[in-house]
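Please open the model in your viewer and keep the selection tool at hand. The stops below say what to select next and what is there.

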Amino acid sequence: MLLISCFADTCFARRVQSIGYGIRDQGALNDAELGVATLKNALRDPSLFKQVAEDLRDVETLAEVVKMMADPSFQEQANEAAKQLEASGFPVEIFKLENYVDEGELETAQSKSLSTLLLATNPTDMRTSAHSSRHAASTMIFSKRTAAKKLAPKKSAPKKVAPKKVAPKRSAPKKVAPKKVAPKKAAPKRVAPKKVVPKKAAPKSVAPKQTGSFAFEDLVALAETQGGLTGYYDPLSLGEANFWKQGNEATIGFLRHAEMKHGRVAMAGFVGYIIHENGIRWPFPLSTQLPDYSSFEGLSAPAVWDATPLASRLQILALIGFFEFWSEWEGALESVGQKHYMRGGKPGFMPPFNKVSPIPNPLLPLNLFDPFGFTDDLSEEEKARKLNIEINNGRLAMLGLFSFISEAKVPGSVPGLQSPFKGSLLKTYDGEVMGPFNANDILPGAKYMSENFQLR
């Protein structure tokens with residue numbers, strides 16, 4: 001019976017043949033022969049028996065093995081396979097149960113094995129049969145281990161125990177509890193690494209170049225950092241010109257400096273136009289010739305300039321001329337380590353008044369640009385950003401100032417300065433908007449210019 005059990009166990013292990021033990025053609029072998037071949041491989045690799053033992057722990061698997069053992073055809077195959085195995089010189093004595101247990105235990109094991117086979121043929125309670133078979137198999141497998149633990153085994157004659165007659169008890173069929181299947185351990189899924197798309201960083205504002213060579217490509221790149229809807233806008237292609245044969249880079253420096261300078265003047269003029277148009281005056285007289293401002297009442301802002309005394313206008317023009325000279329003078333620029341804007345210097349740079357060593361200036365300790373030093377601690381990038389803001393405001397101021405002048409000279413020419421109830425929002429001006437002097441000024445050529453160079 002032990003030999004048949006071994007054959008059945010090893011034969012049932014056919015489903016692990018794909019591990020690589022060399023038994024591939026299952027159709028050429030019957031169950032017993034396949035079991036013998038598997039048994040031989042298991043003797044070389046004990047891990048196969050470990051796999052069979054793990055399978056036999058399952059109740060349904062054990063029931064299938066018991067059925068196979070009780071099958072007469074399988075028993076015939078097993079006997080034939082045993083003969084072939086013995087004829088081949090294989091030590092079949094290892095399958096004899098008396099080599100592992102004493103005579104008393106052998107009788108008990110055989111009785112349990114027989115009851116296991118009988119229960120296997122009864123299909124009414126297959127789970128009970130599987131349980132009995134597993135118990136018998138466990139008794140046979142571990143009997144040798146139990147015998148080895150006995151320190152002083154006593155040899156005694158087998159005692160004949162009279163079997164007790166037990167009246168069969170009628171018992172209700174046992175309710176078999178549903179088998180609890182242990183949850184299978186799912187192998188962790190291999191998650192493919194996600195492809196991280198590099199984020200496109202927002203383009204940083206490029207600090208406009210202030211010194212060194214400034215080519216046309218740099219001018220186009222600078223226009224992209226200044227905002228606006230048009231980007232680089234140059235309908236007259238002045239950025240590609242060559243003024244006075246000084247080269248394109250010098251021409252670009254001149255144009256940038258001129259734009260900054262005119263933008264600053266336009267911002268001051270825009271605010272001044274609003275002040276004079278609304279009649280806002282100083283609280284004190286400006287000269288002895290003007291004890292009050294009654295002569296300016298009702299005049300538009302350009303007309304206020306014409307009504308200003310000639311001496312006052314000459315002083316204003318002289319001050320503007322000095323600022324122009326100071327920003328162009330290389331001595332003032334070199335005193336602070338700068339160059340002319342057409343020679344690689346900063347366009348729009350105004351040299352300080354108090355750092356020119358040949359001309360000490362104790363009366364003017366403050367500079368014209370940033371007299372209180374608000375920009376001293378700014379980085380170059382922050383200064384470049386503020387310069388872009390200044391340029392954009394200057395462009396807007398130039399448009400705004402000429403909108404005022406155009407509306408004053410030609411009422412209705414600027415739709416935004418019209419009111420549906422009052423007409424033009426500005427006072428009319430009938431003078432010469434491009435002439436700083438008029439025919440009443442006592443200056444050589446002033447009368448000739450005012451009569452012959454008028455804007456019509």
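The pLDDT is the predictor's confidence in each residue, from 0 to 100; for the protein chain its mean is 74, and 63% of the residues reach 70 or more. This is a predicted model, in which local features need pLDDT of at least 70 and side-chain atom pairs count only at pLDDT 80 or more, while totals for chains, interfaces and linings use all residues. Residues are numbered from 1 along each chain as its sequence is written, and side-chain values use heavy atoms, with hydrogens and water left out.

Colour the chain by pLDDT and select helix α7 (residues 126-149), which has the lowest mean among the elements, 43, whereas α9 has the highest, 95. Helices here are DSSP runs of H or I, at least four residues long, numbered from the N terminus. Now widen the selection to residues 117-156, where the pLDDT is below 50 and where the model has 43 contacts beyond near neighbours in sequence, a contact being heavy atoms within 4.5 Å. Where pLDDT is low, the predicted coordinates should not be read in detail.

Next, select α9 (residues 248-277) together with helix α13 (residues 380-409): they pack at an angle of about 50°, with their axes 7 Å apart. Axes are lines fitted to C-alpha atoms over the stretch in contact, and angles run from 0 to 180 degrees between N-to-C directions.

Finally, keep α9 and add helix α8 (residues 216-225), which packs against α9 at about 30° with the axes 9 Å apart. Here Phe216, Leu219 and Leu222 of α8 meet Asn248, Ile252 and Arg256 of α9.

Note on methods: Helix = DSSP H or I, 4+ residues; strand = E, 2+ residues; numbered from the N terminus.
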